[in-house]
Amino acid sequence: MSRRLLRSLFAALLLALAAGPAWAEVTLTFYAHPGARIRGGELLFPHAFVHATGVLDDNGEPVDWAAGFTAKNPGPQLLFARGAGVVLEPDPRYVGEGRPYLSLTVDDAVYQAIRARADWWNGPEGSVYDLRRRNCITFVADLARLAGLQTAGEPSMKPGTFLEATAALNPAAAWTGAPAQLASGSVPEPLVVVGPAPAAATGP
């Protein structure tokens, strides 16, 4: 085998090793939507949500998933009582209008744990919504902790203020236009958000 061919094969191997992990990762970005306006006949409220993009390392499957927790039946009754909540995926335009506050890359295990946790919020135990104590902010805070981030104090009804304070606690993951790298390893123990307030439900 010629020296030139060996050099070419070695260069191709290095390129493959360098390119592989760079593509196989999932980026989590935490957003707040300004809301407080009417669009298309709908009143938009301030809202917090998460957006995951990338590629799974395990099987190469592309990821493009967003989720936020909101009231299933919005209305003035939520000022006085809890109601049913639901995890909804915001459309691309809504995501594009949001302001990112935190971004980090996670491994497959953490991403799958976050998806499972979002499913729990959408199930019988987790889908309790309380405007003041268990809302969209509570939801993203739970997922952020699962991803290994510290979170600001709760309850809160101001998504932007909450995520800004959370970004201050996690300077390495604060939004700069590029996601922080989360070291792969064991998945943090999920925090069950069902304390005293959990009898109540989720936020804006």
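**Figure 1. Antiparallel pairing of strands E6 and E8 in the predicted model.** Strand E8 covers residues 128-129, and E6 pairs with E8 in the antiparallel sense over 2 bridges. Glycine 83 has tyrosine 129 of E8 as its bridge partner.

**Figure 2. Antiparallel pairing of strands E5 and E6.** Strand E5 spans residues 62-71 and strand E6 spans residues 83-88. The two run in the antiparallel sense and are joined over 4 bridges. Threonine 70 is bridged to valine 86 in E6. E6 thus appears in both strand views, with E5 as partner here and E8 as partner in Figure 1.

**Figure 3. Salt bridge between aspartate 142 and arginine 117.** The structure holds 3 salt bridges, and this view shows one of them, with a distance of 2.7 Å from N to O. Aspartate 142 belongs to helix H4 (residues 136-146) and arginine 117 to helix H3 (residues 108-121), so the contact ties together parts that are 25 residues apart in sequence. Are the two side chains buried or exposed? Aspartate 142 counts as buried because its relative accessibility is 1%, under the 20% limit. Arginine 117 has a relative accessible area of 8% and is therefore buried.

**Figure 4. Salt bridge between arginine 145 and glutamate 154.** The closest N and O atoms of this pair are 3.0 Å apart. Arginine 145 has a relative accessible area of 21% and is therefore partly exposed. Glutamate 154 is also classed as partly exposed, because its relative accessibility is 32%. Both values fall between the limits of 20% and 50% that bound this class.

**Figure 5. Salt bridge between glutamate 97 and arginine 93 within helix H2.** The closest N and O atoms are 3.4 Å apart, which satisfies the cut-off of within 4 Å. Helix H2 comprises residues 92-97 and contains both partners. The partners are 4 residues apart, or about one turn of the helix. Which exposure class does each side chain fall into? Glutamate 97 counts as partly exposed, because its relative accessibility is 27%. Arginine 93, at 53% relative accessibility, counts as exposed, since the value is over 50%.

Technical notes: Residues are numbered from 1 along each chain as its sequence is written. This is a predicted model: local features need pLDDT of at least 70, side-chain atom pairs count only at pLDDT 80 or more; totals for chains, interfaces and linings use all residues. Side-chain values use heavy atoms; hydrogens and water are left out. A salt bridge is a side-chain nitrogen of Lys or Arg within 4 Å of a carboxyl oxygen of Asp or Glu. Buried means under 20% relative accessible area, exposed over 50%, partly exposed in between (1.4 Å probe, protein chains only). Two strands pair if DSSP finds at least two bridges between them.
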